[in-house]
Amino acid sequence: MDAQLEKLNLFGGDDSKPNSTIKRSIPINEMTFEEKKAKVAKFNLTSDTFFCIIMNGIQECQEFIDVILGDGFKVISVTVQKSVRNLDKHSIIMDVLALTSEGKRVNIEMQMADNDDHVKRVRYYQACSDANELPKGSKYNEISDYYSIYITNNDFIGLGDARYDVNRMIVGKYTGKVESLPNGTYEVYINLENKEKTDGMFKDLLDFIVNSDPNKYRNEFNSLANKVRFYKENQEGVDYMCSILKEERAEGRAEGRAEERENGIVNSFKIAYKYSSSVERSISDISLQYNISTDKVIEILKKHGVL
């Protein structure tokens, strides 16, 4: 462990200063209906929570898919926040998973953050879905087609377009011949950065995603617009969205407490190491102090760049 000392970042930064700029807001349960409406009005479909609420319906999902994939996709079931668990590997939660009458799977992801590899994320989601699709003893030709619609804010591909369709091709090494080689996996990457370069219903859909105005596109996207209107203007819908906001705030506070505890562990380790000069002994002391395993201490220290 002492060989790791050169990598230690023991005294960088100051995590002890409190945030003195916190702005107090009116508790949701004390708001008037109009105040609640104003708060909920800020939601749009780029919000993962709001997107899943609105897309949790066959007609809403059908309208969305029709614009992007065209005809031939009759949606018969929709699951939002679809969890695919792997016992000893990374699990996933799909935003929207639609199943068509022909057995095709359509995964729609709204991913606004740019903190990961989008393409490899799509690859892993498809792999996890496939692994849970084929029963034991089945033939590979029985696996259903998988469509990924992946929506981001930025054009991470960088070619200046709003939509990219991946076409699987093969190239003969000695002949130079190029042929399509479909394997039942289809990827569509859409970004909102270049939405003004589009036209027609596709442009309308991207605008609806960003603005989510239930009155602007009621004719083009009747089911989607009606669902948005319910949650933005109806008393029951507005109250439900406010309850979601309240839950998210509570979860945020819980995450904040967990982060505060981790910062305490990091600072305690720095102090312990300062006086003992032994990584192993300091980790052991912190393990006893916080009643957690030494492996957990090491995990937290690595997460914060100390080890």
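Is Asp-130 buried or exposed, and what is its relative accessible area? In this predicted model, Asp-130 is buried, with a relative accessible area of 18%, and the legends below place this residue and several others in their surroundings.

**View 1. The whole chain, with its helices and strands.**
This predicted model shows a chain with nine helices and eight strands, and 39% of its 307 residues count as buried. The accessible surface of the chain comes to about 18500 Å², and 48% of that surface belongs to carbon and sulfur atoms. Among contacts between residues at least 6 apart in sequence, 60% join residues that are at least 24 apart.

**View 2. Confidence along the chain.**
The chain has a mean pLDDT of 86, and 87% of its residues reach 70 or more. Among the elements of the chain, strand β5 (residues 163-166) has the highest mean pLDDT, at 98, whereas helix α7 (residues 235-276) has the lowest, at 77. Over residues 2-7 the pLDDT is below 50, and this stretch has seven contacts in the model beyond near neighbours in sequence. The pLDDT is also below 50 over residues 10-23, a stretch for which the model contains nine contacts beyond near neighbours in sequence.

**View 3. The salt bridge between Arg-105 and Asp-130.**
By the rule used for salt bridges, the count comes to twelve, and this view shows one of them, in which the side chains of Arg-105 and Asp-130 meet with a distance of 2.7 Å from N to O. Arg-105 belongs to strand β3 (residues 105-111) and Asp-130 to helix α4 (residues 118-131), so the pair ties together parts that are 25 residues apart in sequence. Arg-105 is buried, with a relative accessible area of 4%. Asp-130 counts as buried because its relative accessible area of 18% is under 20%, the cut-off for that word.

**View 4. A network of salt bridges.**
Lys-195, Glu-196, Lys-203, Asp-207 and Lys-216 are linked in a network of salt bridges. Within this view, Glu-196 forms a salt bridge with Lys-203, and the closest N and O atoms of that pair are 3.6 Å apart. Glu-196 counts as exposed, at 53% relative accessibility, while Lys-203 is partly exposed, with a relative accessible area of 29%. The side chains of Lys-216 and Asp-207 also meet in a salt bridge, here with 3.2 Å from N to O. Lys-216 is partly exposed at 48% relative accessibility, but its partner Asp-207 counts as buried, at 11%.

**View 5. The largest nonpolar core and a separate one.**
In soluble globular proteins, nonpolar side chains tend to be buried together. The largest nonpolar core of this model has 47 residues, and those that touch the most other members are Phe-64, Ile-65, Leu-69, Val-106, Ile-108, Ile-151 and Ile-209. Helix α2 (residues 48-55) gives the most to this core, contributing six residues. Apart from this core lies another one of 16 residues, among them Val-266, Ile-286, Tyr-290 and Ile-298. For a closer look at Val-106, residues up to four places away in sequence are not counted, and the residues that Val-106 then touches include Ile-65, Leu-69, Phe-73, Val-96, Tyr-147 and Ile-149.

**View 6. Two residues with a positive phi.**
Most residues other than glycine have a negative phi, and this view shows two residues with a positive value. Phi of Gln-81 is near 55°, although this residue is not a glycine. Gln-81 lies in strand β1 (residues 75-84) and counts as partly exposed, at 37% relative accessibility. Ser-212, which is not a glycine either, has a positive phi of about 50°. Ser-212 is found in the loop between α5 (200-211) and α6 (222-233), where this residue is buried, with a relative accessible area of 0%.

**View 7. A nonpolar patch on the surface.**
Which residues make a nonpolar surface patch of about 290 Å²? The patch is made by Met-169, Val-171 and Val-178. Val-178 lies in strand β7 (residues 178-180) and is partly exposed, with a relative accessible area of 48%. Val-178 can belong to such a patch because its 48% is over the 30% relative accessible area that a patch residue needs.

Definitions and conventions: Residues numbered from 1 in each chain as written. Predicted model: local features only at pLDDT ≥ 70, side-chain atom pairs only at ≥ 80, totals over all residues. Heavy atoms only, no water. Patch = residues over 30% accessible without salt bridge, like charges linked within 9 Å, V, L, I, M, F, W, Y side chains within 5 Å. Areas by Shrake-Rupley, 256 points an atom, 1.4 Å probe, with all protein chains shown as cover. Salt bridge = Lys/Arg side-chain N within 4 Å of Asp/Glu carboxyl O. Helix = DSSP H or I, 4+ residues; strand = E, 2+ residues; numbered from the N terminus. Buried < 20%, exposed > 50% of the residue type's maximum accessible area, 1.4 Å probe, protein only. Core = buried A, V, L, I, M, F, W, Y, C linked by side-chain atoms within 4.5 Å. Contact = heavy atoms within 4.5 Å. pLDDT = per-residue confidence, 0-100.
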